[in-house]
Amino acid sequence: VKRLLNGTLYNLALYPDIANRLYCELQSNSLTSGPLNLITLEKLDSLQYLEAFLKESLRTLPVFASSFN
């Protein structure tokens, strides 16, 4: 899990335009507007660009890297 999180954060740092587009998607779905804003399954399902980003990050991460640690 740690390697997966590091890989996705690395991709966000490497591609700031993608990070900006993800942030805009979160804003447009009211997920950054305040502490009382609840994240529902319906809202998560509407985040298509986030889903595509996570799938692509998983695809590009090495499969066996964690087995050798």
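This is a short talk on one protein chain, going from its overall make-up to its helices, its contacts and its charged pairs.

Please keep in mind throughout that what you see above is a predicted model. The protein chain comes to four helices and zero strands, and if you read along the sequence you meet the pattern α-α-α-α. There are 69 residues in the chain, and buried residues make up 14% of them. The chain exposes about 5700 Å², of which carbon and sulfur atoms supply 63%. As for how distant parts of the sequence come together, when we take the contacts with a separation of 6 or more, residues 24 or more positions apart account for 55% of them.

Let me begin with helix H1, which covers residues 2–14, and with Thr8, which is found in that helix. Is Thr8 buried or exposed? Its relative accessibility is 10%, and because buried means under 20% relative accessible area, Thr8 counts as buried. The side chain of Thr8 reaches the backbone oxygen of Leu5 at 2.9 Å, and, if we do not count residues up to four places away in sequence, Thr8 touches Phe53, Leu54 and Ser57.

One of those partners, Leu54, has its place in helix H4, and Leu54 is partly exposed, with a relative accessible area of 38%. The C-alpha atoms of Leu54 and Gly7 are separated by 10.0 Å, although the two residues are 47 apart along the chain.

Leu4, also found in helix H1, is partly exposed at a relative accessible area of 35%. Leaving aside its neighbours within four places in sequence, Leu4 is in contact with Leu58 and Leu61, and for the pair Leu4 and Leu58, 54 residues apart along the chain, the C-alpha atoms are separated by 7.3 Å.

Still on helix H1, Tyr10 has its place there, and Tyr10 is exposed, with a relative accessible area of 52%. Together with Leu14 and Tyr15, Tyr10 makes a nonpolar surface patch of about 330 Å².

Now to helix H2, residues 16–28, where we can check the length against expectation: at 1.5 Å a residue its 13 residues should span 18 Å, and the end C-alpha atoms are 18 Å apart, which agrees. After H2 comes Ser30, whose phi is positive, near 55°.

Further along the chain, which residue should we look at between helix H3 and H4? I would pick Leu47, which lies in that loop, H3 itself being residues 41–45. Leu47 is buried, with a relative accessible area of 2%. Not counting residues up to four places away in sequence, Leu47 touches Glu25, Leu26, Asn29 and Leu31. Leu47 and Leu22 are 25 residues apart along the chain, and their C-alpha atoms are separated by 8.8 Å.

Finally, the charged pairs. How many salt bridges does a search of the whole structure find? The search finds two. As background, side chains of opposite charge can pair when their charged atoms come close.

In one of these salt bridges the side chains of Lys55 and Glu51 meet, at 3.1 Å from N to O. Both residues lie in helix H4, residues 48–60, and they are four residues apart, about one turn of the helix. Lys55 is exposed, with a relative accessible area of 53%, whereas Glu51 is partly exposed at 41%.

In the other, the side chains of Glu56 and Arg59 meet at 2.6 Å, again N to O. Why are Glu56 and Arg59 separated by about one helical turn? The reason is that they are three residues apart in helix H4. More generally, an α-helix has 3.6 residues a turn, so residues three or four places apart point the same way. Glu56 is partly exposed, with a relative accessible area of 37%, and Arg59 is exposed, with a relative accessible area of 59%.

To draw the threads together, I would ask you to keep two places in this predicted model in view. One is Thr8 in helix H1, which touches Phe53, Leu54 and Ser57; the other is Leu47 in the loop between helix H3 and H4, which touches Glu25, Leu26, Asn29 and Leu31.

Note on methods:
Residues are numbered from 1 along each chain as its sequence is written. This is a predicted model: local features need pLDDT of at least 70, side-chain atom pairs count only at pLDDT 80 or more; totals for chains, interfaces and linings use all residues. Side-chain values use heavy atoms; hydrogens and water are left out. Patches are made of residues with over 30% relative accessible area and no salt bridge: like charges are joined within 9 Å, nonpolar side chains (Val, Leu, Ile, Met, Phe, Trp, Tyr) within 5 Å. Accessible areas come from the Shrake-Rupley method with a 1.4 Å probe; for residues, only the protein chains shown count as cover. A salt bridge is a side-chain nitrogen of Lys or Arg within 4 Å of a carboxyl oxygen of Asp or Glu. Helices (H or I, at least four residues) and strands (E, at least two) are DSSP runs, numbered from the N terminus. Buried means under 20% relative accessible area, exposed over 50%, partly exposed in between (1.4 Å probe, protein chains only). The expected span of a helix is 1.5 Å times one less than its number of residues. A polar contact is a pair of N or O atoms within 3.5 Å; within protein, one must be able to donate a hydrogen and the other to accept it, and residues adjacent in sequence count only if both atoms are side-chain atoms. Contact means heavy atoms within 4.5 Å.
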